[in-house]
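User: I am new to this structure and would like to be taken through it with some care. Could we work by question and answer?

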Amino acid sequence: MKIESLDFIYMPSPDPAAELEWFAATLDAEIVFAIEAFGTRVAMVRPGSGPPILLAGHLAGERPVLVFRVASLDAAAAELEAAGADVSEEFGIPHGPIREIHAPGGHRLAIYELTRPGRAESLAGRRDF
């Protein structure tokens, strides 16, 4: 399986609005968007040249989820499962279909296929909070 890139870091956030302001003020992070929908809040910040961080009010747990892009979600999931990995059922994020990988030690990983490349641009600049 070839991973194309680490595209997002999803971080559980009990208060995305407060954490968004902290990232902007303390780390001089760019605020990409802050949306409120489906009963939750999600904010994207870009603190530097690496992958953006998503502060997600709906994400349970203590650890972040590293989200990697692959060319084919089905092929990558099949390869991981053949190697013995526990891979979740498919669900969706704005950019395309995604599946979690249950890794040893409690690490949180996911793979996704970019099927809606314009979605990021459509959210840029949106500030619901």
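The questions below go through a helix, some loops, a run of strands and the aromatic rings.

User: Before we begin, is this an experimental or a predicted model?
Analyst: The residue positions discussed here are to be read with the origin of the coordinates in mind, because this is a model that was predicted. For local features a pLDDT of at least 70 is needed. The kind of model is therefore: predicted.

User: Which residues of helix H2 are buried, and on how many sides of H2 do they lie?
Analyst: Helix H2 spans residues 73-82, and its buried residues are Leu73, Ala76, Ala77 and Leu80. They cover an arc of only 100° around the axis, and because of this they lie on the same side of H2. The buried residues, on that same side, are thus Leu73, Ala76, Ala77 and Leu80.

User: Which exposed residues does the face of H2 turned away from its buried side carry?
Analyst: The buried side of H2 has a cover that includes strand E5 (65-70), strand E6 (86-87), strand E8 (96-102) and strand E9 (108-112). On the face turned away from that buried side, the exposed residues are Asp74 and Ala82.

User: What is the phi of Gly84, just after H2?
Analyst: Most residues other than glycine have a negative phi. The residue in question here is a glycine, Gly84, and its place is just after H2. Its phi is positive, at about 100°.

User: Is Arg99 buried or exposed, and which backbone oxygen does its side chain reach?
Analyst: Arg99 lies in strand E8, and its relative accessible area of 11% is under the 20% limit, so Arg99 counts as buried. Leaving aside residues up to four places away in sequence, Arg99 touches several residues, among them Leu73 and Ala77, which are also among the buried residues of H2. Its contacts include Ser88 as well, and at 2.6 Å the side chain of Arg99 reaches the backbone oxygen of Ser88.

User: How far apart are the C-alpha atoms of Glu19 and Val45?
Analyst: Glu19 has its place in helix H1, residues 16-27, and with 23% relative accessibility it counts as partly exposed. Not counting residues up to four places away in sequence, Glu19 touches Pro12, Ser13, Pro14 and Leu55. Val45 is 26 residues from Glu19 along the chain, and the separation of their C-alpha atoms is 9.9 Å.

User: What is the phi of Asp28, and what is the phi of Phe38?
Analyst: Asp28 is found in the loop between H1 and strand E2 (30-37) and is exposed, with a relative accessible area of 65%. Phe38 has its place in the loop between E2 and strand E3 (40-46) and, at 88% relative accessibility, counts as exposed. Neither Asp28 nor Phe38 is a glycine, yet the phi is positive in Asp28, at about 55°, and in Phe38, at about 55°.

User: In which sense do E2 and E3 pair, and over how many bridges?
Analyst: E2 and E3 form a hairpin with two residues between them, and Phe38 is in the turn. In E3, Arg46 is the bridge partner of Glu30. The sense of the pairing of E2 and E3 is antiparallel, and the number of bridges is seven.

User: Why is E3 largely enclosed, and which residue in E4 stands opposite Val45?
Analyst: Five of the seven residues of E3 are buried, and so E3 is largely enclosed by the rest of the structure. E3 also pairs with strand E4 (residues 53-56), in the antiparallel sense over four bridges, and the two form a hairpin with six residues between them. The residue in E4 that stands opposite Val45 is Ile53.

User: What are the distance and the angle between the rings of Phe8 and Tyr112?
Analyst: The structure holds three aromatic pairs. One of them is formed by Phe8 and Tyr112, and it is tilted, with 5.7 Å centre to centre and 45° between the planes. This pair links distant parts of the chain, since Phe8 lies in strand E1 (residues 3-12) and Tyr112 in strand E9, 104 residues apart. Both Phe8 and Tyr112 are buried, and the values asked for are 5.7 Å and 45°.

How values were computed: Residues are numbered from 1 along each chain as its sequence is written. This is a predicted model: local features need pLDDT of at least 70, side-chain atom pairs count only at pLDDT 80 or more; totals for chains, interfaces and linings use all residues. Side-chain values use heavy atoms; hydrogens and water are left out. Buried means under 20% relative accessible area, exposed over 50%, partly exposed in between (1.4 Å probe, protein chains only). The arc is that of the directions from the helix axis to the C-beta atoms. Contact means heavy atoms within 4.5 Å. A polar contact is a pair of N or O atoms within 3.5 Å; within protein, one must be able to donate a hydrogen and the other to accept it, and residues adjacent in sequence count only if both atoms are side-chain atoms. Rings of Phe, Tyr and Trp (its six-membered ring) pair if their centres lie within 6.5 Å; planes under 30 degrees apart count as stacked, over 60 as edge-to-face and the rest as tilted. Two strands pair if DSSP finds at least two bridges between them.
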